[in-house]
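Here are two short exercises to help you find your way around a new structure. Take a look at it first, then work through the steps at your own pace.

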Amino acid sequence: MNKSRQRITNFLYNMLSLGVVMFLWYLLSNWQNSPYFPRLSEIWNAFVTLAQYGDIEGIFLSEHIWASLIRIFAGFAVACAIGIPLGLAMGLWPKLYYRTRSVIEPIRFIPPLAWIPIAIVFMVGFNRYVFLIWLGAFFPIFITTLLSVTRVNPVHVNVAKVFGASRMYIIRKIVLPSVLPDIATGMRVGLGVAWMCILAAEMIGGEMIGVGRLILKYAELLRMSEILVGMVIIGVIGFIMNEIFIMVENYVFRWRSEVSID
Amino acid sequence: MSEHLLDVHVTKRFGNMTVLNDVRFHVDKNEFLVIVGPTSCGKTTLANIISGIDTAYDGTVQLQGQTVNPKVHNISYVFQEPSCIPWYTMLQDVTMGPIIKGMDPSRAEEIGRRCIKLVDMAGFENYYPRQLSGGMQQRVAIARAYATSPDLLVMDEPFGHLDAQTRYLMQIEIMRIWHEDKKTVVFITNNIEEAVYVGSRILVLSRLPATIKDEHIIDLPYPRDLTDAEFLRIREAITLQCEAVD
């Protein structure tokens, strides 16, 4: 089967899966007939209202999305700016890692939610968001970079070495191109985790704006429709960003034989 | 200074296991020296040592009268494993050596194209390794090794990963290339027929810890006839040496 036909088939099946889920939701919500299980039409109406008239405080949906996006990109950018160089450095000089791992590794397992009190005590404003999102995005990026450096094919390094290449040449022309696809994968995972941290971040951010905040606001009011709108928006935006990322990856790393699936 | 191009006298240990035990030989200019030995007898270790990648050994490796060093000497190495750089097109891969050695890119490209022609791969300059078959990739590796016009060309079981048919064609090919552009070659293999087909001199390595068991000078004219009586006799003799338990 050729590629474009396969793409169309995949697309149609995706539409079908989506349709099945919506249909099941339709059946269940009709059967339940409860305000805590909103119908599709109610969710749609909540979406339209939030988009057109804003939430209970008059903040438009687009403003919520924009605020969250900026926070996520800020946290993600800091995570990349620290995670990639640190991963590279520790991969190239493994002693750095082996002598500090008792500090680094345990931090990895502390959930971002557990950092909330510290963030509240030590930080204010925008920094709180950035800090919590950074925590989530940092480790996938850092760890994949670090592991990738240690997995550079030694034959490729030796090819350059036999020609008398300097260490700088080997790092620039062999190690970096070899680890870039993995770094991209780490970034993609990190971006996903960043989105997952948005709720925790906006829980303590203090401002009434952001998609996570929107969910929290309506959670207090037990308004399921608006909550679901917020959830779906986080999911869909994350999905779109992931798709864009994959497209860029496939273009940049077209020398690769294996194409990532997820 | 010795009159040989390469003088090797090494012992190599991994922990308390001796891999190469007092291996001593020399290589002359434009010689096609083959080192043959059973699998896992330290052949790759030896290749890494004489090409200057592995420096943790006892003894001496002197190339042109100086301890071997890739930053000083002009060495090329055709690896056993597929070694094409996945993110380089064939042309980028082949010009890598000359560029590392400081040649200007346009001159390097000119040489690269010539070497690609030498291995009969013209037309594939802009292909990535994943678009090429294993045999073609090994041709790229040979072209890359030739591009720096090395004083010493080390080949470590260069056809080991290829199927029998391709391997045979590559043996013919490597001899054609060598005759077209003579280099000093150290060719390592575990295939005795291949050894007798390509080598002007053959060293037979023993099992671990490897020592040099014997030396054969092959006076047969190139291209060699695999069914020639003398060819078969030498092949037989080396086979016996490789099988012998000592």
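**Exercises with solutions**

α1 (3-32), α2 (40-52) and α12 (224-252) of chain A each contribute at least two residues to the lining of the second largest pocket. Keep in mind that this is a predicted model.

**Exercise 1.** Describe the second largest pocket and its lining.

*Step 1.* Begin with the space itself: the second largest pocket has a volume of about 660 Å³.

*Step 2.* Now find its centre. There are 14 lining residues, and the closest to the centre are Leu18(A), Met22(A), Leu40(A), Val232(A) and Val236(A).

*Step 3.* Which helix gives the most to this lining? That is α12(A), with six residues.

*Step 4.* Sort the lining by residue type: 14 are nonpolar, with no polar and no charged residues.

*Step 5.* Check the domains. Domain 1 (1-33) and domain 2 (42-252) of chain A each provide at least three residues of this lining.

**Exercise 2.** Step back and describe chain A as a whole, starting from its secondary structure.

*Step 1.* Count the elements: chain A has twelve helices and zero strands.

*Step 2.* Look at the extent of the chain. Its C-alpha trace spans about 75 × 60 × 30 Å along the principal axes.

*Step 3.* How many of the 262 residues of chain A count as buried? The share is 44%, where buried means under 20% relative accessible area.

*Step 4.* Turn to the outside: chain A exposes about 14700 Å², and carbon and sulfur atoms supply 70% of that area.

*Step 5.* Finish with the contacts. Of those in chain A with a separation of 6 or more, 71% join residues 24 or more positions apart.

Terms used. Residues numbered from 1 in each chain as written. Chains lettered and ligands numbered in written order. Predicted model: local features only at pLDDT ≥ 70, side-chain atom pairs only at ≥ 80, totals over all residues. Heavy atoms only, no water. 1 Å grid on protein atoms, 1.4 Å probe; cavity = no way out; pocket = protein on both sides within 12 Å on 5 of 7 lines; lining within 4 Å. Points joined across faces, edges and corners; volume = space filled by probe spheres on them. Helix = DSSP H or I, 4+ residues; strand = E, 2+ residues; numbered from the N terminus. Nonpolar A, V, L, I, M, F, W, Y, C, P; charged D, E, K, R; others polar. Domains from an automatic or database assignment. Buried < 20%, exposed > 50% of the residue type's maximum accessible area, 1.4 Å probe, protein only. Contact = heavy atoms within 4.5 Å. Areas by Shrake-Rupley, 256 points an atom, 1.4 Å probe, with all protein chains shown as cover.
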